[in-house]
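This report concerns the pockets of a single protein chain and the residues that line them. The sequence and the structure are shown first.

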Amino acid sequence: VDDEQEEREVLQGYLRRYAQEYGGDFDVDTFSSADELLNKYSMIYDVLIFDIDMPGTNGIEAARQIRCMDRNTVLLFVTNIAQYAINGYEVDVVDYIIKPIGYYDFALKYQRAISKAVQKKQIYLILETVEGTRRVDVFQIVYVETLGHYLTFHIGEETFRVRGNI
């Protein structure tokens with residue numbers, strides 16, 4: 001998430017290089033603003049890389065909003081303003097990359113983010129509900145009801161209804 005297209009392209013290039021050097025296959029979505037991400041956010045991301053200083057909702061405020069929805073996604077901030085670093089503790093940011101971004105600094109900090117994501121890795125189901133896409137930890141499912149062509153997942157106090165069968 002970065003408002004500068006050039007910065008997004010640099011990070012995409014670094015991610016492709018990282019995948020080639022360390023192996024792995026992953027999808028990358030880019031967003032030109034935190035508001036764009038928040039409007040389309042679904043709990044499917046393992047790692048989010050945020051610029052902090054952006055028009056509209058800044059990276060720190062977006063991270064706060066995401067933390068209300070998703071405690072497991074690993075956050076990594078990219079910024080040219082080092083004094084924002086202290087604010088990252090309140091949203092559990094794994095690290096900061098100071099602009100201009102060099103590949104080796106990026107790779108080191110991205111490896112740390114990946115390691116933390118793997119530690120948090122749980123088994124998830126992606127549910128396409130009428131409210132939108134939801135990522136559900138299978139160990140949090142209390143029970144599943146089936147009625148007609150619908151499944152109702154009971155997760156804590158929440159329920160999610162999806163079309164499908166067991």
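What follows describes two pockets, their linings and the elements that contribute to them.

The model is predicted, and the volumes and linings given here are computed from its atoms. The largest pocket holds about 730 Å³ of space. Of the 26 residues that line the largest pocket, Phe-26, Asp-27, Val-28, Val-47 and Tyr-110 are the closest to its centre. Two or more lining residues come from each of the elements α1 (5–22), β1 (47–51) and α4 (103–120), and the largest share, five residues, is that of α1. By class, the lining of the largest pocket comprises 16 nonpolar, four polar and six charged residues.

The second largest pocket encloses about 310 Å³ of space. Its lining is made up of 17 residues, and those that lie nearest the centre of the second largest pocket are Met-43, Met-69, Arg-135, Val-136 and Glu-158. Here the elements that supply at least two lining residues each are β5 (132–137) and β8 (158–163), with β5 giving the largest share, four residues. The lining of the second largest pocket divides into six nonpolar, four polar and seven charged residues.

The table sets out the two pockets by volume and by the class of their lining residues.

| Pocket | Volume | Lining residues by class |
|---|---|---|
| Largest pocket | About 730 Å³ | 16 nonpolar, four polar, six charged residues |
| Second largest pocket | About 310 Å³ | six nonpolar, four polar, seven charged residues |

Terms used
Residues numbered from 1 in each chain as written. Predicted model: local features only at pLDDT ≥ 70, side-chain atom pairs only at ≥ 80, totals over all residues. Heavy atoms only, no water. 1 Å grid on protein atoms, 1.4 Å probe; cavity = no way out; pocket = protein on both sides within 12 Å on 5 of 7 lines; lining within 4 Å. Points joined across faces, edges and corners; volume = space filled by probe spheres on them. Nonpolar A, V, L, I, M, F, W, Y, C, P; charged D, E, K, R; others polar.
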